[in-house]
Amino acid sequence: MSKALIVWGGWNGHEPEQVAAIFERILKEERFEVEVSNTLEAYQDAEKLLDLDLIVPVWTMGQIEQELVNNVSEAVQSGVGLTGCHGGMCDAFRNNVDWQFMTGGQWVAHPGNDGVEYMVNMKRGSSPLLDHIQDFQVKSEQYYLHVDPAVEVLATTRFPVVPGPHSANGQVDMPVVWTKRWGNGRVFYNSLGHHADIIDMPQVTEMMRSGFLWAAAGKQAAAARGSSLSGAYTGMADSQQR
């Protein structure tokens, strides 16, 4: 049985406890053994993290010790999957660039705030992961992110919908869903999920289910390839130089 750890907390405006409960339900439906924690100390035991198949962060706008980021990073590099959504993963620790490097992006704005109506456009490319999901409309925050060019984009949304200083740049397609590799690990991110009701939308639930399963299969895939972790990136040297 695959093992998953959900860690929720931080800013309550994102309803982290409710979102974590939905994620727990999805994972249990897929026969995961799930541990749920509301403390970042869940990342303290490095050996325990290495024994997982999946880590699911649901934590917005917090502070985290570098050692805990290193533990998560090393686990993911070893093959443990990392999957999250909205600010719970890519607006988690604004002052930790190592977390942002691993996850593939960082929130910077949501023009119009909550209640913006926009389209999520599925991107057909080299990954069939979300090919069973069609374009859909959502009414929520529309996330503008700074994104790692290494990610593989699976869905986008077009800006601008709401006028602002960014409008002067013309239309841009902003990633909504992406995947990334971090060592042997698979990273999956979905920018939707401002509140739990957005996660409960059938399309978003299915996105997250697919992301959980894909990311959690990374360890087994690495083992099948005979791949091992070498030259683990911890970010500590750079952190000490800053």
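Leaving aside its neighbours within four places in sequence, with which residues is V108 in contact? In this predicted model, in which local features need pLDDT of at least 70, side-chain atom pairs count only at pLDDT 80 or more, and totals for chains, interfaces and linings use all residues, V108 is in contact with Y144, L145 and H146, contact being defined as heavy atoms within 4.5 Å. Residues are numbered from 1 along each chain as its sequence is written, and side-chain values use heavy atoms, with hydrogens and water left out. V108 is found in strand 5 (residues 105-109), where strands (E, at least two residues) and helices (H or I, at least four) are DSSP runs numbered from the N terminus. With a relative accessible area of 37%, V108 is partly exposed, a class that falls between buried (under 20% relative accessible area) and exposed (over 50%), as computed with a 1.4 Å probe on protein chains only. Between V108 and L40, which are 68 residues apart in sequence, the C-alpha to C-alpha distance is 23 Å.

In the unreviewed UniProt entry, residues 3-215 are listed as "domain: ThuA-like"; UniProt positions are given here in the numbering of the model, feature names are shortened, and annotations may be inferred rather than shown by experiment. Over residues 3-215 the chain is 29% helix and 33% strand, and the C-alpha atoms at the two ends are 12 Å apart.

A search of the whole structure finds six aromatic pairs, for which rings of Phe, Tyr and Trp (its six-membered ring) must have centres within 6.5 Å, planes under 30 degrees apart being counted as stacked, over 60 as edge-to-face and the rest as tilted. One of the pairs is formed by F93 and W99, whose ring centres are 5.0 Å apart and whose planes stand at 85°, so the pair is edge-to-face; both F93 and W99 are buried. F101 and W182 also form an edge-to-face pair, with 4.9 Å from centre to centre and 80° between the planes. Because F101 lies in helix 5 (residues 97-103) and W182 in strand 10 (residues 172-182), this pair ties together parts that are 81 residues apart in sequence. F101 is partly exposed, with a relative accessible area of 41%, whereas W182 is buried, at 7%.

The structure holds 12 salt bridges, each defined as a side-chain nitrogen of Lys or Arg within 4 Å of a carboxyl oxygen of Asp or Glu. Among them is the salt bridge between the side chains of K3 and D51, with an N to O distance of 2.7 Å. This pair links distant parts of the chain, as K3 is in strand 1 (residues 3-10) and D51, 48 residues apart from it, is in the loop between helix 2 (46-50) and strand 3 (54-60). K3 counts as partly exposed at 28% relative accessibility, and D51 counts as partly exposed at 45%.

A further salt bridge joins the side chains of K48 and E35 (2.9 Å, N to O), linking helix 2, which holds K48, to strand 2 (residues 33-37), which holds E35, across 13 residues in sequence. Relative accessible areas of 40% for K48 and 33% for E35 place K48 and E35 in the partly exposed class.

The side chains of R209 and E206 likewise meet in a salt bridge (3.6 Å, N to O), and both residues lie in helix 7 (residues 202-216), three residues apart, about one turn of the helix. R209 counts as buried at 16% relative accessibility, whereas E206 counts as partly exposed at 27%. Salt bridges that share partners join R25, E29, E30, D200, E206 and R209 into one network.
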